[in-house]
Amino acid sequence: MKRVLIIGATSAIASACARIWAEESSQFFLVGRNAEKLEQCAADLTARGATAVNVHCMEAADFAAHAVMLESCTAMMRQIDIVLIAHGTLPDQKACEQDVGTALVELANNGTSVIALLTLLANRFETQRCGTLAVISSVAGDRGRPSNYLYGTAKAAVSTFCEGLRARMFKVGVHVITIKPGFVDTPMTQGLALPTALVAKPEQVAKLIVEGINKKKNTIYVPGFWRFIMIIIRSIPVVIFKKINI
Ligand SMILES: NC(=O)c1ccc[n+]([C@@H]2O[C@H](COP(=O)([O-])OP(=O)(O)OC[C@H]3O[C@@H](n4cnc5c(N)ncnc54)[C@H](OP(=O)(O)O)[C@@H]3O)[C@@H](O)[C@H]2O)c1
């Protein structure tokens with residue numbers, strides 16, 4: 001039995017992870033911005049074996065709401081074994097290029113909201129001295145590509161933040177895992193023309209995430225072959241990289 005806080009709990013990847021933990025009779029504090037979807041997730045997890053499920057509506061980019069959420073979660077669960085941060089959006093890169101406001105909203109959705117949440121959570125976990133902070137970043141953060149560099153920037157910030165946080169929290173017995181999915185078949189990627197052979201199912205990714213958390217991995221690429229794809233992408237010389245459109 002685990003006590004699990006999920007932020008972005010209605011995400012397809014997060015829901016698939018939660019289903020695995022529900023089968024272990026876990027308790028949940030589900031955070032999302034859509035009350036109806038949250039209730040559906042709660043009912044689904046209860047039917048699958050969760051022993052307690054509480055839901056909390058919160059817009060992740062509303063920084064002032066974070067502390068209230070964490071207080072509420074702590075009051076329900078006392079100790080938190082796993083936090084999974086899963087919320088995110090796939091921005092329209094062209095729109096971000098045309099409008100500073102859009103770019104900054106997307107940066108908040110995918111980057112600064114995660115950093116703000118982790119800052120609060122880290123202080124809470126430093127007192128607790130156990131548990132795991134699991135953060136969904138992306139392979140997109142490994143190199144800025146012309147097709148999605150706003151999203152990539154936010155995810156790179158999250159990955160770098162997690163790297164520093166991991167070294168800080170290790171000293172107090174708290175584990176930080178950075179999760180870097182490649183293409184996953186979720187609402188986020190619906191309608192995109194992606195190479196079918198490279199697209200994973202949320203259930204497949206969730207299994208790898210739960211395994212990575214259990215094995216206390218530091219950074220995981222999900223599925224694992226993305227580690228090699230990103231080694232290749234990172235090793236393309238700049239003189240060539242700036243001429244290609246990926
Ligand atoms: N799918 C992929 O190919 C892929 C690849 C790499 C990384 N990722 C990352 O994986 C994570 C999960 O995404 P997914 O693929 O499972 O997509 P998804 O099913 O579309 O889930 C995204 C979730 O984020 C929530 N969300 C977005 N902005 C929010 C905000 N400001 N406040 C609160 N909730 C917000 C959405 O809530 P609503 O339902 O209310 O909109 C939704 O539940 C994300 O961090 C994403 O960047 C995904």
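**Close-up views of a predicted model**

**View 1. A left-handed β-α-β unit is formed by β6, helix α7 (residues 202-214) and β7.** The model shown here and in the other views is a predicted one. Strands β6 and β7 run parallel and are joined by 4 bridges. Within this pairing, Pro181 has Val222 of β7 as its bridge partner.

**View 2. Gly224 occupies the loop between β7 (219-222) and α8 (226-235).** Gly224 counts as exposed because it has 10 C-beta neighbours inside 10 Å, and a residue with 12 or fewer is classed in this way. Pro181 is 43 residues away from Gly224 along the chain, yet the C-alpha atoms of the two residues are 8.8 Å apart. Pro181 is also the residue that is bridged to Val222 in β7.

**View 3. Seven strands make up an open sheet with parallel pairing.** The strand order is β3-β2-β1-β4-β5-β6-β7. The edges are taken by β3 (52-57) and β7; each has a single partner strand, so one side of each has no neighbour in the sheet. From one strand to the next, the twist averages 15°.

**View 4. Strands β4 (residues 82-85) and β5 (residues 132-136) run parallel.** The two strands are joined by 4 bridges. In this pairing, Leu84 is placed opposite Ala134 of β5.

**View 5. Helix α1 (residues 12-22) is largely enclosed by the rest of the structure, because 8 of its 11 residues are buried.** The buried residues are Ile13, Ala14, Ser15, Ala16, Cys17, Ala18, Trp21 and Ala22. In an α-helix there are 3.6 residues a turn, so residues three or four places apart point the same way. Helix α1 lies across five strands of the sheet, namely β1 (3-7), β2 (27-32), β4, β5 and β6 (175-181). The helix runs at about 170° to β1.

**View 6. Helix α2 (residues 35-47) lies across β2 and β3.** Its direction is at about 170° to that of β3. Strand β3 is one of the two edge strands of the sheet, and β2 follows β3 in the strand order.

**View 7. The ligand is surrounded by 26 residues.** Those that come nearest are Ser11, Ala60, Gly88, Thr186 and Met188. By residue class, the shell around the ligand comprises 11 nonpolar, 12 polar and 3 charged residues.

Key
Residues numbered from 1 in each chain as written. Predicted model: local features only at pLDDT ≥ 70, side-chain atom pairs only at ≥ 80, totals over all residues. Buried ≥ 20, exposed ≤ 12 C-beta atoms within 10 Å, placed from the backbone. Near = placed C-beta within 6 Å. Nonpolar A, V, L, I, M, F, W, Y, C, P; charged D, E, K, R; others polar. Pairing = 2+ DSSP bridges. Axes fitted to C-alpha atoms, helices over the stretch in contact; angles between N-to-C directions. Contact = placed C-beta atoms within 7 Å. Right-handed = clockwise from strand over helix to strand, strands pointing away.
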